[in-house]
Number of protein chains: 2
Amino acid sequence: MNHGTMNRCFGAILKELGLKETPKRRAILEILAEQQGFLSPEEIWHALRVRFETIGLPTVYRNLEELAAGGVISTIIHPSRQLYYYFCRGESGHHHHFICTSCRRVEDIPECTAATMEGDIATRTGGKITSHIVQFNGLCHRCLVEEEGRTA
Amino acid sequence: MNHGTMNRCFGAILKELGLKETPKRRAILEILAEQQGFLSPEEIWHALRVRFETIGLPTVYRNLEELAAGGVISTIIHPSRQLYYYFCRGESGHHHHFICTSCRRVEDIPECTAATMEGDIATRTGGKITSHIVQFNGLCHRCLVEEEGRTA
DNA sequence: TAACAAAGGAAAACGATTTCTTTTTAGTTT
DNA sequence: AAACTAAAAAGAAATCGTTTTCCTTTGTTA
Ligand SMILES: [Mn+2]
Ligand SMILES: [Mn+2]
Ligand SMILES: [Zn+2]
Ligand SMILES: [Zn+2]
């Protein structure tokens, strides 16, 4: 998928969500998509300032929240409690992530056991589940091997 | 368990964690324990100011973080992104929660499917999982019935 | 009671959000 | 195609929630 196709693709994505296609919104998606790992709002903001003379942090936060609410990008809850964002290339439907706290790589967890658990919990408690969070934190294979190399 | 027993109990808990037993630390546990639902750091701070003439918010945040790290209290990640804290009466080991976003009630989810998933993920990716987040958000039975009563 | 490490307070800094006003977009009408 | 319009988006500044820093106070142990 070349750059032009990507741009047209992003426009379609935004339209589906009922969001207007603005240059800044498209740029946020582009920046996230050309990155392998997850990014912080401030890192995205710095990348944006190369392309735009003025762009405020609130714009970045607002857009990231909207895009995450629409399911286009994923929110990463870092153990440090800072929020990060990630553009999923792999899975398209509902799924969860295993993130590497060292190199920021993200691995998809395709099966969502939480979805089946929701039914059990609703039945048992008589309540209604509206959302859930599932995330695994740790070290990816590469970082684990690297760490073992240093300690051995 | 009466109040005196509780206080002695909290002292032992703090000692096990290698934390000093200070009046403010004990009060934080007491306030959380006598509450049915989860509380925000600021709400806990307000409750503390009734007992102590001076107590800073950083002290409250610091203690809540330490107690949560020690597993004495649980962190609740609210959909609003604000952090809340909860003292578990039921389950003592590792488990997760179903929280009511309306009335703040918390239900235990004793079985932790995430623990078994960790093994699968580690095998598949070759990485190492160090922690995970699992939380279900929604409406408890009472709040669901109440809501249905209004709309019907 | 003395000594040390841990805990707490005050102020500042930081990350994230809200409010309010101006600008831009997308669709509609000339 | 160009101008108009309503709604959405963006900017600036203030505000909120949380954390850090640095120094003083307190708890623990001997
Ligand atoms: Mn993914
Ligand atoms: Mn619990
Ligand atoms: Zn890694
Ligand atoms: Zn409820």
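What share of the atoms of DNA strand C within 4 Å of the protein belongs to sugar or phosphate, and what share to bases? Sugar or phosphate makes up 73% of these atoms, and bases make up the rest. The legends below describe close-up views of a predicted model.

**View 1. Residues around DNA strand C.** DNA strand C has 22 residues around it, and those that come nearest are A:Tyr61, B:Lys24, B:Arg25, B:Thr54 and B:Thr59. By class, this surface holds nine charged, seven nonpolar and six polar residues. Helix 4 of chain B provides the largest share of the surface, four residues.

**View 2. Polar contacts to the phosphates of DNA strand C.** An N or O atom in the side chain of B:Lys24 is 2.3 Å from a phosphate oxygen of DNA strand C. B:Thr54 approaches through its backbone, with an N or O atom lying 2.6 Å from a phosphate oxygen of the strand. For B:Asn63, a polar side-chain atom lies 3.0 Å from a phosphate oxygen of DNA strand C. Two or more residues of the surface near this strand come from each of helix 4 of chain A, helix 2 (23-33) of chain B and helix 4 of chain B.

**View 3. Residues around DNA strand D.** DNA strand D is surrounded by 22 residues, of which A:Lys24, A:Arg25, A:Thr54, A:Thr59 and B:Tyr61 are the closest. Of the atoms of DNA strand D that come within 4 Å of the protein, 69% are accounted for by sugar and phosphate. The surface near this strand divides into nine charged, eight nonpolar and five polar residues. At least two residues each are supplied by helix 2 (23-33) and helix 4 (57-69) of chain A, and by helix 3 (41-51) and helix 4 (57-69) of chain B. Helix 4 of chain A gives the most, with four residues.

**View 4. Polar contacts to DNA strand D.** A:Lys20 reaches a base: one of its polar side-chain atoms lies 3.2 Å from a base nitrogen of DNA strand D. The side chain of A:Thr22 has an N or O atom 2.9 Å from a phosphate oxygen of the strand. A polar side-chain atom of A:Asn63 lies 3.0 Å from a phosphate oxygen of DNA strand D.

**View 5. The zinc ion (ligand 4) in chain B.** The protein donors are the SG atoms of B:Cys100, B:Cys103, B:Cys140 and B:Cys143, which lie 2.2 to 2.3 Å from the zinc ion. The arrangement is tetrahedral because the four donor atoms subtend angles of 104 to 116° around the zinc ion. Along the chain the donors follow the spacing C-x2-C-x36-C-x2-C. B:Cys103 and B:Cys140 link distant parts of the chain, 37 residues apart. B:Cys103 is in the loop between strand 3 (96-100) and strand 4 (106-109), whereas B:Cys140 is in the loop between strand 5 (128-139) and helix 6 (141-151). B:Cys103 is partly exposed, at a relative accessible area of 25%, while B:Cys140 is buried, at 3%.

**View 6. The manganese ion (ligand 1) in chain A.** A:Cys88 (SG), A:His95 (NE2), A:His97 (NE2) and A:Asp108 (OD) coordinate the manganese ion at 1.9 to 2.4 Å. The donor spacing along the chain is C-x6-H-x1-H-x10-D. A:Cys88 sits in the loop between strand 2 (83-86) and strand 3 (96-100), and A:Asp108 sits in strand 4 (residues 106-109), so the pair ties together parts of chain A that are 20 residues apart in sequence. A:Cys88 and A:Asp108 are both buried.

**View 7. The manganese ion (ligand 2) in chain B.** The protein donors of this manganese ion are B:Cys88 (SG), B:His95 (NE2), B:His97 (NE2) and B:Asp108 (OD), at 1.9 to 2.5 Å. These donors follow the spacing C-x6-H-x1-H-x10-D along the chain. Both histidine donors are buried: B:His95 has a relative accessible area of 12%, and B:His97 has one of 6%.

**View 8. The axis relating chains A and B.** A turn of 180° with a shift of 0.0 Å along the axis lays chain B on chain A with an RMSD of 0.1 Å. The two copies are therefore related as by a two-fold rotation axis. The C-alpha of B:Val134 is the one in chain B nearest the axis, 2.3 Å from it.

Methods: Residues are numbered from 1 along each chain as its sequence is written. Chains are lettered from A and ligands numbered from 1 in the order in which they are written. This is a predicted model: local features need pLDDT of at least 70, side-chain atom pairs count only at pLDDT 80 or more; totals for chains, interfaces and linings use all residues. Side-chain values use heavy atoms; hydrogens and water are left out. Donors are N, O and S atoms within 2.8 Å of the metal (3.2 Å for Na, K and Ca); water is not among the atoms, so sites may look incomplete. Four donors count as tetrahedral if all angles lie between 85 and 135 degrees; four count as square planar and six as octahedral if opposite donors are over 155 degrees apart and all others between 65 and 115; anything else is irregular. Buried means under 20% relative accessible area, exposed over 50%, partly exposed in between (1.4 Å probe, protein chains only). A residue is near a molecule or strand if one of its heavy atoms lies within 4 Å of it. A polar contact is a pair of N or O atoms within 3.5 Å; within protein, one must be able to donate a hydrogen and the other to accept it, and residues adjacent in sequence count only if both atoms are side-chain atoms. Ala, Val, Leu, Ile, Met, Phe, Trp, Tyr, Cys and Pro count as nonpolar, Asp, Glu, Lys and Arg as charged, and the others, Gly among them, as polar. Copies are superposed by least squares on the C-alpha atoms of residues with pLDDT of at least 70 in both.
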